[in-house]
Amino acid sequence: MRILVVEDDPKMAGLLRRGLQEDGHAADVAGIGDDALWMAQAVEYDAIVLDLLLPGLDGVEVCRRLRRSGVWSPVLMLTARDAVEDRVAGLDAGADDYLAKPFSFSELLARL
């Protein structure tokens, strides 16, 4: 699978990318919401792993804009925000799944 990782923490982004690559996936990384929008519209990704707390556009707004622009790649929100209202907001914005940090990498792979 080709996966877009949208994560502003360089260490976390690197860990996700390396883990996905070790599992046989191609992984691109965007560190801000605007880059994620551009990349997801330019490339057809099999899945998008989207952090909620991003500089500029947050993950909820990125997801909303992706859906409005016709990008229907499955979106897995991966975030430290685990309150029910946060999960509902992400799913209402068009995310397909929601996983709270800290997480098990094997669970992330299973969800993807």
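1. **The main core.** In this predicted model, the largest nonpolar core holds 23 residues. Six of them touch the most other members: Leu4, Val6, Ile48, Leu50, Val62 and Met77. Five elements give two or more residues each to this core. Three are strands: β1 (2-6), β3 (47-50) and β4 (75-79). Two are helices: α2 (33-42) and α3 (59-68). As background, nonpolar side chains in soluble globular proteins tend to be buried together.

2. **A second core.** Apart from the largest core lies another one, of 11 residues. Its members include Leu20, Ala47, Val49 and Leu108.

3. **Val62 up close.** Start with this residue when you look at the main core. Leave out residues up to four places away in sequence, and Val62 touches Gly33, Ala36, Leu37, Leu50, Leu54 and Leu57. Gly33, Ala36 and Leu37 are also among the buried residues of α2.

4. **Helix α2.** Which residues of α2 are buried? They are Gly33, Ala36, Leu37, Met39 and Ala40. Look at the spacing in that list with one rule in mind. An α-helix has 3.6 residues a turn, so residues three or four places apart point the same way. The cover over the buried residues of α2 includes β1, β2 (26-30), β3 and α3.

5. **Helix α3.** Is α3 largely enclosed or largely open? Seven of its 10 residues are buried, so the rest of the structure largely encloses α3. The buried ones are Gly59, Val60, Glu61, Val62, Cys63, Leu66 and Arg67. Note that Glu61 and Arg67 are in this list. Cover for the buried residues of α3 comes from elements including α2, β3, β4 and α4 (84-92). Just after the helix, Gly70 takes a positive phi of about 90 degrees.

6. **Gly90 in α4.** Gly90 sits in helix α4. Buried or exposed? Gly90 is buried, with a relative accessible area of 0%. Setting aside neighbours within four places in sequence, Gly90 is in contact with Val60, Met77 and Ala95. Val60 is one of the buried residues of α3, and Met77 belongs to the largest nonpolar core. For a sense of distance, take Gly90 and Arg67. They are 23 residues apart in sequence, and their C-alpha atoms are 12 Å apart in space.

7. **A cis peptide bond.** Check the bond from Lys101 to Pro102. This peptide bond is cis, with omega near -5 degrees. Pro102 lies in the loop between β5 (97-100) and α5 (105-111). For background, most peptide bonds are trans.

8. **The overall plan.** Now step back to the whole chain. The chain has five helices and five strands. Along the sequence they follow the pattern β-α-β-α-β-α-β-α-β-α. Contacts between residues at least 6 apart in sequence include many long-range ones: 58% join residues at least 24 apart.

9. **Size and packing.** How does the chain compare with a compact globule? For 112 residues, such a globule would have a radius of gyration near 13 Å; the chain has 12 Å, which agrees. Its C-alpha atoms fill a box of roughly 30 × 30 × 25 Å, taken along the principal axes. Of the 112 residues, 44% count as buried.

10. **Surface and charge.** The chain exposes about 5700 Å². Carbon and sulfur atoms supply 50% of that area. There are 12 positive and 20 negative side chains. The centres of these two sets lie 1 Å apart.

How values were computed. Residues numbered from 1 in each chain as written. Predicted model: local features only at pLDDT ≥ 70, side-chain atom pairs only at ≥ 80, totals over all residues. Heavy atoms only, no water. Helix = DSSP H or I, 4+ residues; strand = E, 2+ residues; numbered from the N terminus. Rg over C-alpha atoms; globule rule 2.2 N^0.38 Å. Buried < 20%, exposed > 50% of the residue type's maximum accessible area, 1.4 Å probe, protein only. Contact = heavy atoms within 4.5 Å. Areas by Shrake-Rupley, 256 points an atom, 1.4 Å probe, with all protein chains shown as cover. Lys, Arg positive; Asp, Glu negative; His and termini not counted. Charge placed at Lys NZ, Arg CZ, Asp CG, Glu CD. Core = buried A, V, L, I, M, F, W, Y, C linked by side-chain atoms within 4.5 Å.
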